[in-house]
Amino acid sequence: MATATTHGAREHARAQEGTTVPAMPHVPAPEGLTWSETVAGGGYTHRALARGTELTLTDVTGEACAHLLLYVTGRPWERLNVADTVKVLWNAYPGAGHLLLSDQGRVLASIPESSAPADTMCGASTLRRNTGRYGDGAPHGASPAGRELFKLAAAKHGLEPRDLPPSISFFQGVRVDPATGRLEFTGSAGPGAAVTLRMEMPVTILIANTAHPVDPRPTYTCGLLEVTARQATPTGPGDALWNATPEARRAFENTAEVTR
């Protein structure tokens, strides 16, 4: 179909209606979901989510690496603080039963279920690093850097590069060797690994699905990421997560103070 004229371009565009591809948003979302999308390796997505939303990320092929940033919607100066998340929870490897905390000691999201390794130490890749490793780190290139994609996602919510703190990632694991102190890349939990995050505040989430910065493989490797969300109920005082530890209880109490 010729696209050299406006009429031809319009007909070509309309002919694409109903076309599906492996990575795309599903609009409208299937019944029971508020968000459904498959993100390509080297892609990104973003969404403002209501309090109580349960977001499930699934590694379709065993090669996804989902880097996440969280902000309180409407006041983005309160955001994910990875250092405080590790310090307050006494755990550098968040999993089921753990919390993701803001810099003000509140719970942005809890993790009711997870079969996915998490990394709080490396953050997302940078333009300079990916250019050096793969020859290109630009956001629309063959091996986009996570931080470059975060910049694009952030801009859609009025945020600037200075608003990008260190991120957390899921699906590609890293451990600290107790003998040497060096980071060891442990890789994926395999196809189908999943993590569910429950939003304990109204949250804006940015997701960059890019190769892990310390993945030792010489080629840029990142697979499909499935994203689904449904409306549920925030954690309450009767939930086991609320009273799992003294630190968790205090964080939830801090959160309740501003969400009543």
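1. I would start with the charged residues, since E54, R198, R230 and D239 are linked in a network of salt bridges. Please keep in mind while reading that this is a predicted model, and that the distances and accessibilities discussed below are computed from it. By the rule used here, the count of salt bridges comes to 12, and the points that follow look at some of them in turn.

2. One pair in this network is R230 with E54, whose side chains meet in a salt bridge with a distance of 2.9 Å from N to O. R230 belongs to strand β13 (residues 225-231) and E54 to strand β3 (residues 53-59), so the pair ties together parts that are 176 residues apart in sequence. The two partners can also be compared by their surroundings: R230 counts as partly exposed at 39% relative accessibility, whereas E54, with a relative accessible area of 12%, is buried.

3. The network also includes the salt bridge between R198 and D239, in which the closest N and O atoms are 3.5 Å apart. Here R198 sits in strand β11 (residues 194-199), while D239 is found in the loop between β13 and α5 (246-259), so this pair ties together parts that are 41 residues apart in sequence. R198 is buried, its relative accessible area being 10%, and D239 counts as partly exposed at 26% relative accessibility.

4. A further salt bridge worth looking up in the structure joins the side chains of R217 and D215, with 2.7 Å between N and O. R217 is partly exposed, with a relative accessible area of 29%, whereas D215 is buried, with a relative accessible area of 2%.

5. Turning to the cysteines, how many disulfides does the structure hold? The structure holds 0 disulfides, and the distances between sulfur atoms help to explain this. The sulfur of C122 has its closest cysteine sulfur in C65, at 9.4 Å, which is too far for a bond because a disulfide requires two cysteine sulfur atoms within 2.5 Å. C222 is likewise in no disulfide, and the cysteine sulfur nearest to its own, that of C65, is 6.4 Å away. As for their surroundings, C122 is partly exposed, with a relative accessible area of 21%, while C222 counts as buried at 17% relative accessibility. These two values fall on either side of the cut-off, because buried means under 20% relative accessible area.

6. On the surface, a nonpolar patch of about 220 Å² is made by M121, V176 and L183. Of these residues, V176 can be placed in strand β9, which covers residues 172-176. V176 counts as partly exposed, because its relative accessibility is 35%.

7. Finally, is T255, a residue of helix α5, buried or exposed? T255 counts as buried, because its relative accessibility is 2%. Leaving aside residues up to four places away in sequence, T255 touches R106, V107, E200 and M201. A student could find T255 in helix α5 and then look for each of these contacts in the structure, beginning with R106 and V107 and continuing to E200 and M201.

Definitions and conventions
Residues numbered from 1 in each chain as written. Predicted model: local features only at pLDDT ≥ 70, side-chain atom pairs only at ≥ 80, totals over all residues. Heavy atoms only, no water. Patch = residues over 30% accessible without salt bridge, like charges linked within 9 Å, V, L, I, M, F, W, Y side chains within 5 Å. Areas by Shrake-Rupley, 256 points an atom, 1.4 Å probe, with all protein chains shown as cover. Salt bridge = Lys/Arg side-chain N within 4 Å of Asp/Glu carboxyl O. Helix = DSSP H or I, 4+ residues; strand = E, 2+ residues; numbered from the N terminus. Buried < 20%, exposed > 50% of the residue type's maximum accessible area, 1.4 Å probe, protein only. Contact = heavy atoms within 4.5 Å.
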